Amino acid sequence: MEAELLPENQDAPELDQPPDNNMEAGEDFEPAAKVLRLNGDQEGHGEAGESVSVHEPLEEGPYLEGASSYLEEEARDEGGEEALEGGEYYFPAYDFSEPPQLLTGSWADYGRIPENFLKGCKWAPDGTCLLTNSADNCLRIYNLPAELYAKEWGTVAEMSPVLRMAEGDTIYDYCWFPLMSSADPQTCFVASSSRDNPVHIWDAFHGDLRATFRPYNHLDELTPAHALSFTPDGSQLFCGFNKTVRVFETSRPGRVCETRPTFAKKQGQNGIISCIAFSPTQPVYACTSYSKTVGLYSRADGDPLALLHGHRGGVTHALFAPEGFCLYTGGRKDSEILCWDLRQPGEALFSVSRTVATNQRLYFDLDPSGRYLLSGDTEGLITVWDTSQPPSSGPRPVLPPVLQFQALRDCVNGISLHPSLPMLATASGQRKFPDPWDSEEEEEGGVRLPGSPQAPASNSLLLWLCASVARAGPPQTVM
């Protein structure tokens, strides 16, 4: 696991040292606003639903306050490290001492079409709704169930999407506008890219197409983006292509963009750019490639800073820790998630192990404090690692998990942790291939014998509570 550093005569942007509390001083975090979305013609679409039946439901009456009061109670408990400052500073108290409790989910909407498996899920930045992608080339938006805003609740009905936004072909990537707030409808939009289509900007309140960004290649042909990411301030949209990143101004849709090659004169990062991630505190962004590399670049002008090697498969996902120095990367058909320290990028800091047996993109996520790392795998397991614990010693340090549980009998490809509540969303499913015919039986004219039965598909979106529900009061802060 090595890195190619930039030449000595090339200047790299200085990396500021992180504050002691891992966040910038004075930075405010608002709890999830209690804004229930009424999305155009489909308002009330998700009110009725079936009760959870595929898993054992929660017992009657667990304690979970509405977003604001619940989080204030969490932060005050035991005078924790992440206590409130002026009533506005907190981290949700995730508890992974035991497997999470299933709350509800959505599966009926994905069972109407064969092999309509999910391809990830992403919470909105304000936590009020959830975005999913699936094999039917449709983006769906779900409201946070209204029952979860109450102080006490029992079984939560099955979730139904309030919006569906259909693309014309396979969806390559999708993302929320980072400053999205349901209290300000002008900020409620998502970007998506699909095969043979421009980048679409969708209104997350009504499902209408707001704008398009049209990237063209050197032959003046429309080229689809394989990766999308807004800058943290939302001012620019970065799009990944083969050996190239194009930068659009968010306020100026159309075809005008800045082109930043990642490979030139037989040097640099080769291959299709599969994911783009921005450091929240440093002027640096990372590009992952299907050529098994991770590139670090200056945000201002795209100058290359380092090229990281170490993955065994094409890298499909990257995520910065909240402090902005640690970068987590994972790939397809690659059993490791690697953690890199931007201050010493020559070698991976440590790795964690998971099972990835296919070319499907498997997401992973960090909780808002950056302590817990979660990932699913192709066997239906969800694994939790505590990044505050030391990894094993040796030439290739490995961080052991603190929790692993069987969520489903199918691939868990999507993982998303709620920004302000101890809640986990998972997306599952994968393409199923029929058993091949036995060539000997076919030559003998015999009847094909049934092979080993395949596990039934579990194409579903699920919500899990990552806090103990067996206590009379709010869960204590886990620090």
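Colleague: Which residue of β31 stands opposite T426?
Modeller: T426 stands opposite L462. This is a predicted model, in which local features need pLDDT of at least 70 and side-chain atom pairs count only at pLDDT 80 or more, whereas totals for chains, interfaces and linings use all residues. Residues are numbered from 1 along each chain as its sequence is written, and side-chain values use heavy atoms, with hydrogens and water left out.

Colleague: What makes strand β30 (residues 423–428) and β31 a pair?
Modeller: They share 5 bridges in the antiparallel sense, and two strands pair if DSSP finds at least two bridges between them. Strand β2 (residues 101–106) also pairs with β31 in the antiparallel sense, over 5 bridges, with G105 opposite L462. Strands are DSSP runs of E with at least two residues, and helices are runs of H or I with at least four, both numbered from the N terminus. By that count the protein has 2 helices and 31 strands.

Colleague: How do you know that strand β31 (residues 461–465) is mostly covered?
Modeller: Of its 5 residues, 5 are buried, a term for under 20% relative accessible area (exposed is over 50%, partly exposed in between; 1.4 Å probe, protein chains only). L461, L463 and L465 point one way, L462 and W464 the other way, and all are buried. In a regular strand the side chains alternate between the two faces of the sheet. Across the 479 residues of the protein, 54% count as buried.

Colleague: Why is the pair of F238 and F278 called edge-to-face?
Modeller: Rings of Phe, Tyr and Trp (its six-membered ring) pair if their centres lie within 6.5 Å, with planes under 30 degrees apart counted as stacked, over 60 as edge-to-face and the rest as tilted. Here the centres are 4.8 Å apart and the planes are at 85°, and therefore both conditions are met. F238 lies in strand β12 (residues 236–241) and F278 in strand β17 (residues 273–278), so the pair ties together parts that are 40 residues apart in sequence. F238 counts as buried because its relative accessibility is 0%; F278, at 11%, is buried as well.

Colleague: What makes the pair of Y285 and Y297 stacked?
Modeller: Their planes are at 20° and their centres 5.6 Å apart, so the pair is stacked. Y285 is in strand β18 (residues 284–289) and Y297 in strand β19 (residues 293–298), 12 residues apart. Y285 is buried at 1% relative accessibility, and Y297 is buried at 4%. F238, F278, Y285 and Y297 form one aromatic cluster.

Colleague: How do you know that R343 lies over the face of F325?
Modeller: A charge sits over a ring if NZ of Lys or CZ of Arg is within 6 Å of the ring centre and within 35 degrees of the ring normal. For R343 the distance to the ring centre is 4.2 Å. The charged end of R246 likewise sits over the ring of F241, 4.7 Å from its centre.

Colleague: Why do β21 (315–320) and β24 (350–353) stand at the edges?
Modeller: The 4 strands form an open antiparallel sheet in the order β21-β22-β23-β24. β21 and β24 each have a single partner strand, so one side of each is left without a neighbour in the sheet. Within this sheet, 5 bridges join β22 (residues 326–331) to β23 (residues 336–341), and T329 stands opposite L338 in β23.
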